[in-house]
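This report goes through the ligand site, the enclosed and open spaces, a charged pair and two backbone angles of one protein model. The sequence and structure come before the text.

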Amino acid sequence: MKKDLLGMTIEELKQFATEMGEKPFRGKQLFVWINRGVQSFDEMTDLPLAFRQRLAEEACMGHVRVIDMQIDESDGTRKFLFGLGGDDDSGAQEAVESVFMKYKYGNTLCVSSQIGCRMGCSFCASALGGFVRNLTAGERASRVLMAEKTTGERINHIVIMGMGEPFDNYENVSQFLRLLHDPDGKNMSYRNMTVSTSGIIPMIERFGTDFPQAGLAISLHRLGNEDRSRLMPVNKKYPVDDLLSAAKAYTEKTGRRITFEYALIRGENDRDEDVTLIIRKLRGMLCHVNLIPLNKVAETGLEGSSRNRAEEIAQVLNESGISATVRRELGTGIDGACGQLRLRNKK
Ligand code: SAH
């Protein structure tokens, strides 16, 4: 297998260049070309020809390919199916989805952190197939480059909200954020990156220290401890009240507003008493509540609340001093919306 240079930091590439018998600064040149999205080593015109030829034999820039792309014509959302691993076209061993969304303020790519997921949330399609493996920083970076190439558009924002739990793969996710931020790479501001977690408390603390400028979203969904444990097993280890304390500490440390995601499930967490509990527990926190009527995942048997009920809840929250909106739902026509990404093997 050829060595995959995509996803490597400048330091790692300098090391690599040295191992190839080249001067370390070649590593930086490699980094710049790779993150500009060139397709072949031939295009790296400031590298010596002999080095380029050896690179072509021994290395590659990502194993990721676009296998399929679906477009939701109503809103321009595109769902990519990327194949990972293996250099041939015989069908991917593994495939992972990413969703490209257009917003007024720019284009966002929703990137997965893992293939499958081990969190086991009862309402989410990503939990159904179990966990396969972590995605590397390079696999994520190449999806960004491929999505830009395929759509012909620049990606301005990254949200790590696809399949998987990013804080269950912290090292790879943080390397990816650093790559995006690198001035010699995409030079993306940390402010344009958001990571969403189901609530792994120690990692929330670490994230606040490592990336105080990046955005943090927490999938909350229920405020009652036992109710939340039924929906989200992670709550048994990290109970919701501790989670809220960690969230509060994060906002105090970073000065950044936290986003709470709340998927509205009909009759389950959208009743008046649920809304009262939200108000009681979140009032006074530097936060925003993102209400999302649950998207359909056939196997779960759960129903989303109506758009009207969602708007009503948003209004009650706002009147109580808690900033809340109903998320504009993109990509439902192509099963590309939150919680609808699932494992797919060979096409
Ligand atoms: N594991 C992380 C990252 C996944 S982000 C996390 O839990 O935050 C995906 C978001 O979609 C999460 O907020 C998740 O709770 C939410 N979600 C899962 N299933 C959903 C569904 N069927 N409808 C709407 N949102 C869903």
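## Ligand site and internal spaces

The side chain of His221 has an N or O atom 2.5 Å from an oxygen atom of the ligand. The model described here is predicted. Two further polar contacts of the ligand involve the protein backbone: a nitrogen atom of the ligand lies 2.8 Å from a polar backbone atom of Asn295, and an oxygen atom of the ligand lies 3.4 Å from a polar backbone atom of Thr197. The three contacts are set out below.

| Residue | Part of the residue | Ligand atom | Distance |
|---|---|---|---|
| His221 | side-chain N or O atom | oxygen | 2.5 Å |
| Asn295 | polar backbone atom | nitrogen | 2.8 Å |
| Thr197 | polar backbone atom | oxygen | 3.4 Å |

How much of the accessible area that the ligand has on its own does the protein cover? Of 530 Å², the protein covers 96%. The ligand is surrounded by 18 residues, and those that come nearest are Met161, Ser196, Ser219, His221 and Asn295. Sorted by class, this shell consists of 9 polar, 7 nonpolar and 2 charged residues.

His221 also stands out in its backbone. Most residues other than glycine have a negative phi. In His221, phi is positive, near 70°. His221 sits in the loop that runs between strand S11 (215–219) and helix H7 (225–231). A second non-glycine residue with a positive phi is Asn187, at about 55°. Asn187 belongs to the loop between H5 and S10.

That loop also holds one end of a charged pair. Side chains of opposite charge can pair when their charged atoms come close. Asp184 and Lys28 form a salt bridge in which the closest N and O atoms are 3.4 Å apart. Asp184 is in the loop between H5 and strand S10 (193–197), while Lys28 is in helix H2 (residues 25–36), so the bridge links distant parts of the chain, 156 residues apart. In total, the structure has 27 salt bridges.

Next come the empty spaces. Rolling a probe the size of a water molecule over the atoms shows where empty space is left. The structure contains 1 cavity of 30 Å³ or more. The largest cavity has a volume of about 50 Å³. Its lining is made up of Asn35, Ala141, Val144, Leu145, Leu179, Leu180 and Lys186. Helix H4 (137–151) and helix H5 (170–181) each give at least two residues to this lining, and H4 has the largest share, with 3 residues. By class, the lining of the largest cavity comprises 5 nonpolar residues, 1 polar residue and 1 charged residue.

The second largest pocket holds about 420 Å³ of space. A total of 22 residues line this pocket, and Val38, Gln39, Cys60, Met61 and Gly62 are the ones nearest its centre. At least two lining residues come from each of helix H3 (49–58), strand S2 (59–60) and H4. Which element supplies the largest share of the lining of the second largest pocket? That element is H4, with 4 residues. The lining of the second largest pocket divides into 11 nonpolar, 6 polar and 5 charged residues.

Helix H4 therefore takes part in two linings: H4 gives the largest share to the largest cavity and the largest share to the second largest pocket.

Technical notes. Residues numbered from 1 in each chain as written. Predicted model: local features only at pLDDT ≥ 70, side-chain atom pairs only at ≥ 80, totals over all residues. Heavy atoms only, no water. Near = heavy atom within 4 Å. Polar contact = N/O pair within 3.5 Å; in protein donor to acceptor, adjacent residues only side chain to side chain. Areas by Shrake-Rupley, 256 points an atom, 1.4 Å probe, with all protein chains shown as cover. Nonpolar A, V, L, I, M, F, W, Y, C, P; charged D, E, K, R; others polar. 1 Å grid on protein atoms, 1.4 Å probe; cavity = no way out; pocket = protein on both sides within 12 Å on 5 of 7 lines; lining within 4 Å. Points joined across faces, edges and corners; volume = space filled by probe spheres on them. Salt bridge = Lys/Arg side-chain N within 4 Å of Asp/Glu carboxyl O.
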